Structures are given as structure tokens and as C-alpha cells.
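Please find below a colleague's note on the structure, written for a reader who is new to such models. Kindly keep the sequence and the structure in view while reading.

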Amino acid sequence: TANIYFILLEYFDKGTLYDQMIKNHKDKTPFTEAQIYKIIYGIAIGIKSIHNNKYAHRDIRPENILIGNNDTMKICDFGSATNKLYDVINHNNRSDAIIDTIRSTCIHFRAPEQFELYIGYGINEKVDIYALGIILYMLLINYVPISATNGTTNNSYFMYYNEGVIGKKSNALLHNEIKKIINPFLYELMKNMLKENPKERLSI
């Protein structure tokens, strides 16, 4: 008979970060600054481990962040993880990169270089930093930055704000929302994660 293998994993009774965000929204209890720091730091530690092994996760989003004991953050769902990165996008690999992006990423958490493959940037592990910036934005603003009606990458579905993509809203409304961020350090942290040019984004 064939051998049967079992994998015993930790049970995450608190669910995902997305579950917690929904609960907080319903209870009208926003995350505190201390909670936000702990969440972002925990996810960053996980991303650092992935990047140290020369991989990109490519699907960093609240649904893929499990909340463990003592509210530790643990990244899951590595189905999109890859060590096949694109240092340069050109006519030889552009079609493969487009198909790969559509199959392996969530549109709401894509970096600019995953939307527009003609802007001259490569696609690498920095997409995870951008996705983390979007999570930080969501925690601070309680709003998904990119509004899209389907899976296309048409420019009409997003806009640039400062140096990153953070939503299809008027600049005035975005500025008013940004002003809700009390801590200027978190604001600068978010901006540096959401740089349009991946070479200018923060590294972990």
C-alpha cells in the first residue's frame, strides 16, 4: 500500500487579517497605532524571510495573513510564490509576464509595474513591498486603494497619487483621507512602500 503522509499545522482560531478588519469595521473599532505597527512588522518579517530565499510571494493581502498566538502575523498561500522574476520587461517576455501576472496576483494589490508593463520597470520581489504598503493604507484609511470592475489592467481603473497607485478617487478626497493619519512616520512609511519605481521602494 502507498504511504500516507499527514501535515500537522498550527490552528489559527483568530482567522485572517481580513477577518479581523471586517470585524473591526462592523464593531466600529479601528486599529490602534500600536496594533498597526505590530501587524506591519510581523508581515515584514515574513516577507524578509521569503525574499532572503530569492522568492517573491506575489499575493500578499489580508486574506493571506493568518493571526497566530499573541497576535503574530503569519503569511500563507504560497501558490503564487516564484523565483522567476523579470529584471527587464521587453518584447521577448512581455506576453509571459502579462499572463503570469493575471494568473498569479490579485488586482487590488498589484504594483504599477504589474498593471502597465510598458513603463520600463522589471517585476521582482518589490511587488511584495507595494502590497504591504496597500495593507498599511487599508489599516489606516479602511479603504481598498484600487477600484476595478474586472481583471483588466486598463489605466482607467487606477490613478497615480504622489508616487504610488492608491485609488480611483479625486485628489481632494484622497488628501482629506490622508490627513486622518495622525502619525507622520506611518504616512512616510506608506509613501515609501508605494513608490511607483520599484527601485525607489523600501527593501526589507
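The numbered points below take up confidence, overall layout, packing, surface and one residue.

1. The model is predicted, and its confidence should be considered before anything else. The chain has a mean pLDDT of 79, with 78% of its residues at 70 or more. Residues 146-172 form a stretch where the pLDDT is below 50; in the model this stretch nevertheless has 69 contacts beyond near neighbours in sequence. Where pLDDT is low, the predicted coordinates should not be read in detail.

2. The chain contains 7 helices and 4 strands. Along the sequence, these elements follow the pattern α-α-β-β-α-α-α-β-β-α-α.

3. The chain comprises 204 residues, and 47% of them count as buried. When contacts between residues at least 6 apart in sequence are considered, 65% join residues at least 24 apart.

4. The surface deserves a separate remark. About 11,500 Å² of the chain is exposed, and 54% of this area is supplied by carbon and sulfur atoms.

5. One residue may serve as a worked example. Gln114 belongs to helix α4, which spans residues 112-115. Is Gln114 buried or exposed? Gln114 counts as buried because its relative accessibility is 3%, and the limit for a buried residue is under 20%. The side chain of Gln114 also reaches the backbone nitrogen of Ala111, at 2.8 Å.

Methods:
Residues are numbered from 1 along each chain as its sequence is written. This is a predicted model: local features need pLDDT of at least 70, side-chain atom pairs count only at pLDDT 80 or more; totals for chains, interfaces and linings use all residues. Side-chain values use heavy atoms; hydrogens and water are left out. pLDDT is the predictor's confidence in each residue, from 0 to 100. Contact means heavy atoms within 4.5 Å. Helices (H or I, at least four residues) and strands (E, at least two) are DSSP runs, numbered from the N terminus. Buried means under 20% relative accessible area, exposed over 50%, partly exposed in between (1.4 Å probe, protein chains only). A polar contact is a pair of N or O atoms within 3.5 Å; within protein, one must be able to donate a hydrogen and the other to accept it, and residues adjacent in sequence count only if both atoms are side-chain atoms. Accessible areas come from the Shrake-Rupley method with a 1.4 Å probe; for residues, only the protein chains shown count as cover.
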